[in-house]
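Student: I would like to go through this model and ask what stands behind each label.
Tutor: Go ahead, one label at a time.

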Amino acid sequence: MFEARASSTKRRSSVKRLSLVPFTIAAAMTLVSPAMSQQEAPPSATDQVAAPEAKEKESRHESERHEQKPKRFDWSFAGAFGRYDKAQLRRGFKVYKEVCSSCHSIKMLAFRNLSQPGGPEFPEKEVEALAASYKIKDGPNQAGEYFDRPGRPSDRFPPPFANEQAARAALAGNYPPDMSVLAKARGYSRGFPLFLIDALPGFSYQEHGVDYIASLMEGYEDPPPDVKLPEGQFYDPYMPGRRIGMPPPLSEGVVTYEDGAPQTIDQYAKDVSAFMMWVAEPHLESRKRVGLGVVAFLLVFVGLLYFTKRRIWSGVPH
Amino acid sequence: MEGHSQYTPKSGFARWLERRLPILSFMHDSFVSYPTPKNLNYMWVFGAILSFMLVAQIVTGVVLAMHYTPETTLAFDSVEKIMRDVNWGTILRYAHANGASMFFLAVYLHIFRGMYYGSYKDPREVLWILGVVIFMLMMATGFLGYVLPWGQMSFWAATVITNLFSAIPVVGTAITTWLLGGYSVDNPTLNRFYALHYLVPFIIVAIVALHVWALHVTGQNNPSGVEVKDVKKETVPFTPYATMKDAVGIAAFLVVYAWLTFFVPNYLGHPDNYIEANPLVTPPHIVPEWYFLPFYAILRAIPNKLLGVTALFASILITAALPWLDTSKVKSAVYRPLFRKEFWIFVAVCIGLGYLGAQPAEGAYLWFARVLSAYYFLHFLVILPVIGKVEKPEPVPESIDASILRGETSHV
């Protein structure tokens, strides 16, 4: 047996393992620090197949094995003409800052990004003030010491935990994934033949990741009576294995919106997901804008070339 | 197609250079006066499209290389830096990643065109084999490049593919260790993959030069499969005729390429590759890029590792033997009723294998993959040789002009 085939066995067992390992998020979403991957001897994929317990778990209820397909939301940034909704990104950032950021890092996002075009576009003064409210580790200074200083717009958001071990120690073994590219690191299969349509102009669907995240956030439920959850686990039908280690992060009114948007779980979930999409794809707007120009030009260009070609070939029987 | 150059240097400098290095007449003969059959259809534009894509990949790749860091702790972040902080970085990276897909799309259409019109037959065997070599080098490059972003799929694809070599009896493990630069995929692996990903495209450029050279010696095949008999009557000069037609093809191809790059750039990618490589977590489902899926399906269809790997390589190498496996004297499928049907079945089998390569290798999927893999090899080893013997071809036109008069070519 070799790795390629082991993966399929693994597919079944990975879902099973979630119930055994208390670190649900860790198992499914881990972003282990690079330092760690350097030190530990990497086991082969074959070693990781948890074969013995697979049979025993097979008998469990069907609903436990398969997660639900995410709901489809109406995103302002979907489609060829899609643009981010600035107000939504600002609200989403507020949710991130007041809720998510206590556990999730967002290490690739710099404060300055918040005022750049195509994002929430906070005024630069506000961003400077925001950055200054964070303490950033810097150094060494002339005396050879490391020190804390107020943040600058060019700094990136400092992580809530110094390292993976610190996060696990504080969060009952869970390691929340970094949120910088999470919206692109999640997805689901629409299956044949829908996946073919997802690429087509007019039907294009690229929002699998945000749909999944938004569904997950508002999807927490009480577990069905036949499902026994271990301590520190929660039931969410959108999560692979339907178990998640993250306690329900959102509740009505937990974040105060100043723009009059409803302060509901659904609204928070949508706003923070949109924010995560922007963090994962900060140049989406300029990319699509340039793309429209490029495709429009090419279409005209093809037409001109085609008629030139016809003219040139008109005298040649072919 | 060879003959005296029709090029006459016009300027004093051109005359001076021509006597010392006849590069101007060479370019003129290759890309201006080079005779191309009049009846080529739009399936003949993929050669030009592939040349364009090769250059596009090298140009975007060289610029990306200026910003990329081939070191395991930095690679993933450096790619994200390109996406965030490098001017035009998002577009550059998406153009390169989707460019690989478009490159393979074009090469598959190019290969299937060659199969349909019998372009591999006498006297174009060497031309065809050089094409197979280019295809294999492209696969190597595509695989090496996929590892560089150092996401989960990068890492595990590298693990799976390098592991294939351990199937070789006796020396397999030693070879794998040598390839990896260690006992598992790690920093030395990433470093050498980066070096090789930069190197192999230039080897491709060299083989492409040979491919074009061989093409210019034998001349192009054409939809009728009948060789050019009268160069004056049956061909047109490459410029402006073929250049213009190729330009239409390239521009139309670019529309699709631009759509992918600008609007659905992650459609052909896997979400897991936005998770940084982690040797301790195996992705639930390891899948290669779409263009490797048919071969991946063949690999997994066989329950013995050594045989699976052998089948994988054989499935690619067997195409090099096509000129001798196809026993029919008639080149073009246009006049081969049986082969024509078989060709489309074969295309469907390849697409089917591609679909199965993306599914878990279990249950019914596995059995379908086995049936289709068997058919894939039967096509080459049994069906083609037999069809060539038993088939009664339709009357082949005497010349390209006769084919045009019959109205067998399109007029677009």
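Student: How much space lies in the second largest pocket?
Tutor: The model is a predicted one, and in it about 800 Å³ of space lies in that pocket.

Student: Which residues are the closest to the centre of the second largest pocket?
Tutor: Met139(B), Ala140(B), Phe143(B), Ile161(B) and Phe165(B), out of 29 lining residues. A residue is counted in the lining because it has an atom within 4 Å of a point of the pocket.

Student: Which elements give two or more residues to that lining?
Tutor: In chain B these are helix 6 (125-147), helix 7, helix 8 (172-180), helix 9 (187-218), helix 12 and helix 13 (305-317). Helix 6 of chain B gives the largest share, 6 residues.

Student: What makes up the lining by class?
Tutor: It has 26 nonpolar, 1 polar and 2 charged residues.

Student: Why is the pair Arg156(A) and Asp85(B) called a salt bridge?
Tutor: The N to O distance between their side chains is 2.7 Å. The cut-off is 4 Å between a side-chain nitrogen of Lys or Arg and a carboxyl oxygen of Asp or Glu, so the pair qualifies.

Student: How many salt bridges are counted between chain B and chain A, and how many residue pairs are in polar contact?
Tutor: The count is 2 salt bridges, and the rule finds 13 residue pairs in polar contact across the interface.

Student: Which helix of chain B supplies the largest share of the side that touches chain A?
Tutor: Helix 11 of chain B, with 16 residues. By class, that side of chain B has 45 nonpolar, 14 polar and 13 charged residues.

Student: How many residues does each chain bring to the contact, and what area is buried?
Tutor: Chain B brings 72 residues and chain A brings 70 residues. Between them the chains bury about 6,400 Å², 65% of it on carbon and sulfur atoms. That area is called buried because it is accessible area lost on putting the two parts together, summed over both.

Student: How do you know that the peptide bond between Gly139(A) and Pro140(A) is cis?
Tutor: Omega is about 0° for this cis bond. Pro140(A) is found in the loop between strand 1 (135-138) and strand 2 (147-150) of chain A. In chain B, a cis bond with omega of about 10° joins Asp122(B) and Pro123(B), and Pro123(B) lies in the loop between helix 5 and helix 6.

Student: What makes Glu121(A) worth listing?
Tutor: Its phi is near 50°, a positive value in a residue other than glycine. Most residues other than glycine have a negative phi. Glu121(A) lies in the loop between helix 7 (86-98) and helix 8 (124-132) of chain A.

How values were computed. Residues are numbered from 1 along each chain as its sequence is written. Chains are lettered from A and ligands numbered from 1 in the order in which they are written. This is a predicted model: local features need pLDDT of at least 70, side-chain atom pairs count only at pLDDT 80 or more; totals for chains, interfaces and linings use all residues. Side-chain values use heavy atoms; hydrogens and water are left out. Contact means heavy atoms within 4.5 Å. Buried area is the accessible area (1.4 Å probe) that two parts lose on being put together, summed over both. A polar contact is a pair of N or O atoms within 3.5 Å; within protein, one must be able to donate a hydrogen and the other to accept it, and residues adjacent in sequence count only if both atoms are side-chain atoms. Helices (H or I, at least four residues) and strands (E, at least two) are DSSP runs, numbered from the N terminus. Ala, Val, Leu, Ile, Met, Phe, Trp, Tyr, Cys and Pro count as nonpolar, Asp, Glu, Lys and Arg as charged, and the others, Gly among them, as polar. On a 1 Å grid over the protein atoms alone, a cavity is a set of points where a 1.4 Å probe fits but cannot get out, and a pocket is an open set with protein on both sides within 12 Å along at least five of seven lines; lining residues have an atom within 4 Å of a point. Grid points are joined across faces, edges and corners, and a volume is the space filled by probe spheres set on the points.
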